[in-house]
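The following paragraphs lead the reader through a structure, from its chains to selected residues and the pairs they form. Please keep the sequence and the model in view while reading.

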Amino acid sequence: MIKVVAKRLLSAVPTLLALMTLTFFIMKVVPGGPFDEEKALPPEIKANLEAKYHFNEPVWKQYGRYLGDLSRGDFGPSYRYLGGRTVNDIIGDALPVSAELGFYAIVFAIAVGIPVGVLSAYKKNSWLDFSAMFWAMAGVSLPNFLVASILVLVFSVHLGWLPPALWEDWRSAILPVITLAVRPLALIARLTRASMLEALATDYVRTAQAKGLGMGSVLFKHALKNALVPVVTLTGPLVAAVITGSFVVEFFFAIPGLGKHFISAVTDRDYPLIMGVTMVYGVIVIAANLLVDLTYAWIDPRMRVG
Amino acid sequence: MLKNKGLRRFLKNRPAVVSGAFLVFVALCAVFAPLITRHSFEEQNIAQHLMGPSWNYIMGTDSLGRDLFSRIVYGARASMSVGIITALVSVFFGMIYGAVSGYAGGWTDEVMMRIVDMFYIFPSLLFAILLMVMIGQGLLGIVLALAFVGWVNLARLVRGQVLQVKEMLHIEAARAVGVSSTRILWRHIMPLLWGPVIVALTFQIPTNIMGESFLSFIGLGLQPPNSSWGTLANEGWRGMRSYPHLIFFPGIVLFLTMLSFQFVGDGLRDWLDPKSR
């Protein structure tokens, strides 16, 4: 087991390095620098700025410098807030917000999606199953901004129960969390249903039923336990869905998270911030996939052969 | 009656047929946009701005007094063509990549799949945004970025299929009589893969339409006066509280289109690729 963990951890290093190199060179071939503004700067000032941020050095040297800084956990200055906030400051403020948002969304999606999937499989082909699966299909097709605007119109504008934007107390978190959870919820419900149907058709479930166990015990203790194994593989796509979803959700609800900063960094061409946020996303995605592999190895001993 | 069993099964699948009809209708609207709209998509009528739906403007007007219905119909042109073109490009490249990787096997396959794995675990829209930083925003940026990120799924799918097919007897026979690898790949392997590839294409198109509207909604996509469903939603959401029609109509058209593609895709899968069910 330790060997598997070590091997997976090591294999994450080249992936991260590749991502870093890729983003670095994407940013380097971009036409126009961060100091090309509508009002041209005097050449001396521009030269000084470029010297300060080492733009006058050859690319390979800049690359080496960036790698060195990164290995010390330093993402560099943000061009947008020159002299003020560094990329580290921004990420330090924004990451907890996005992490909280994403965490609640995933918890909500699991808490609702799994029971819905189990019930749909249990009551296969009933109206409950059909309507649940229709909504699961709709959930994958619904644009985030449509969900968000319907929720805001109903619960903020019409009923006045919940704030329509910002990130302050728990009440302001409800609408963004639900919006972000729609797609993961639909994915979880669909997959849980499919794998529950398979589990319910197995011999050990029939045995459990035959020996007179209650339906709850059969469903949740015997069938669901095995049916959840394939659902674990969804973690990767879920994290991806939550990251991309957070771009729209944070933009829509004006939440000061990583996604909102990423979008404005792209519009402002704030390269160090773009690279920093990309690296954070990279680490999150790689960690999530690592976790899936390890969970799998833990659940299913056959996977431990590394 | 119809001889083709799969086609008959597809026609019996009512959601798929209705969805297919809806998609054809949307496509026809996009093609014949000038004929079915009463107002040009850029004609401004300030006196009539921000009106709700009425006889003259069936979906109302936007803040500049432009007909929202026209803008959605013309937006369908952008959304649909971006979706279809990018899906075709990425399916084409993914297919070639996967076929070469699967057929070559060994070291080549190992390296090529490692690269795919790396792309696979990252959210593709994150990559698309990074690419748009490099290529630039707007139509060209969107098309190139979406085309570039969509090939990964196809590469995996086709590789898996090629690995199975390549052990078949007729391939072995072809190899034994000295047919070249390229010819085997194109003439003997690829024809067997059309079913799964077409199914994958029907799922890739909505993914890319959604990708386009996602990027346009957050302000990185098409620039005005061009309109797509995403840009319309972007223009609409700020005034949403007072004028909800501005975000609802584009959003609902987009939603129905996505849903239809899902149903049609499921139907096509039962027809063309029944094994995967």
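Accessible areas here come from the Shrake-Rupley method with a 1.4 Å probe. The model is predicted, and the areas are therefore those of a predicted model. By this method chain B exposes about 13,100 Å², and carbon and sulfur atoms supply 65% of that area. For chain A the accessible surface comes to about 15,300 Å², with 66% of it belonging to carbon and sulfur atoms.

Both chains may be described by their secondary structure. Chain A has 12 helices and 0 strands, so that its pattern along the sequence reads α-α-α-α-α-α-α-α-α-α-α-α. Chain B comes to 13 helices, again with 0 strands. The C-alpha trace of chain A spans about 85 × 55 × 30 Å along its principal axes, while the C-alpha atoms of chain B fill a box of roughly 75 × 55 × 25 Å.

Burial and contacts add to this picture. A residue counts as buried when its relative accessible area is under 20%. Of the 306 residues in chain A, 46% are buried; of the 277 residues in chain B, 53% are buried. Among contacts in chain A between residues at least 6 apart in sequence, 71% join residues at least 24 apart. In chain B, residues 24 or more positions apart account for 68% of the contacts with a separation of 6 or more.

The charges of each chain come next. Chain A carries 26 positive and 21 negative side chains, and the centres of these two sets lie 12 Å apart. Chain B has 22 positive and 14 negative charges, with mean positions 8 Å apart. Some positive charges of chain B gather in a patch on the surface, made up of Lys5(B), Arg8(B), Arg9(B) and Lys12(B). Within this patch, Arg9(B) belongs to helix α1 of chain B, which covers residues 5–12. What allows Arg9(B) to be counted in such a patch? Patches are made of residues with over 30% relative accessible area and no salt bridge. Arg9(B) meets the area requirement because its relative accessible area is 43%, which makes this residue partly exposed.

Other charged residues are paired. Side chains of opposite charge can pair when their charged atoms come close. Over all chains, the structure holds 6 salt bridges. One of them, in chain A, joins Asp129(A) to Arg193(A), with the closest N and O atoms 2.8 Å apart. Asp129(A) lies in helix α5 (residues 127–141) and Arg193(A) in helix α7 (residues 170–200) of chain A, so the salt bridge ties together parts that are 64 residues apart in sequence. Both Asp129(A) and Arg193(A) are buried.

In chain B, the side chains of Arg71(B) and Glu235(B) meet in a salt bridge with an N to O distance of 3.6 Å. Because Arg71(B) is in helix α4 (residues 68–104) and Glu235(B) is in helix α12 (residues 229–237) of chain B, this pair ties together parts 164 residues apart in sequence. Are the two partners buried or partly exposed? Arg71(B) counts as buried, since its relative accessibility is 0%, whereas Glu235(B), at 32%, counts as partly exposed.

A further salt bridge of chain B links Arg159(B) with Asp109(B), the closest N and O atoms being 2.7 Å apart. Arg159(B) is part of helix α8 (residues 151–165) and Asp109(B) of helix α5 (residues 106–121) in chain B, so the pair ties together parts that are 50 residues apart in sequence. Asp109(B) is buried, because its relative accessible area is 9%.

The last residue to consider is Gly267(B), which is placed in helix α13 (residues 245–272) of chain B. Gly267(B) has a relative accessible area of 1% and is therefore buried. Which residues does Gly267(B) touch, not counting those up to four places away in sequence? They are Phe10(B), Asn13(B) and Ala16(B). By contrast, the C-alpha atoms of Gly267(B) and Val111(B) are separated by 35 Å, and these two residues are 156 residues apart along the chain.

Methods:
Residues are numbered from 1 along each chain as its sequence is written. Chains are lettered from A and ligands numbered from 1 in the order in which they are written. This is a predicted model: local features need pLDDT of at least 70, side-chain atom pairs count only at pLDDT 80 or more; totals for chains, interfaces and linings use all residues. Side-chain values use heavy atoms; hydrogens and water are left out. Patches are made of residues with over 30% relative accessible area and no salt bridge: like charges are joined within 9 Å, nonpolar side chains (Val, Leu, Ile, Met, Phe, Trp, Tyr) within 5 Å. A salt bridge is a side-chain nitrogen of Lys or Arg within 4 Å of a carboxyl oxygen of Asp or Glu. Lys and Arg count as positive and Asp and Glu as negative; His and the chain ends are not counted. The place of a charge is taken as NZ of Lys, CZ of Arg, CG of Asp or CD of Glu. Helices (H or I, at least four residues) and strands (E, at least two) are DSSP runs, numbered from the N terminus. Buried means under 20% relative accessible area, exposed over 50%, partly exposed in between (1.4 Å probe, protein chains only). Contact means heavy atoms within 4.5 Å.
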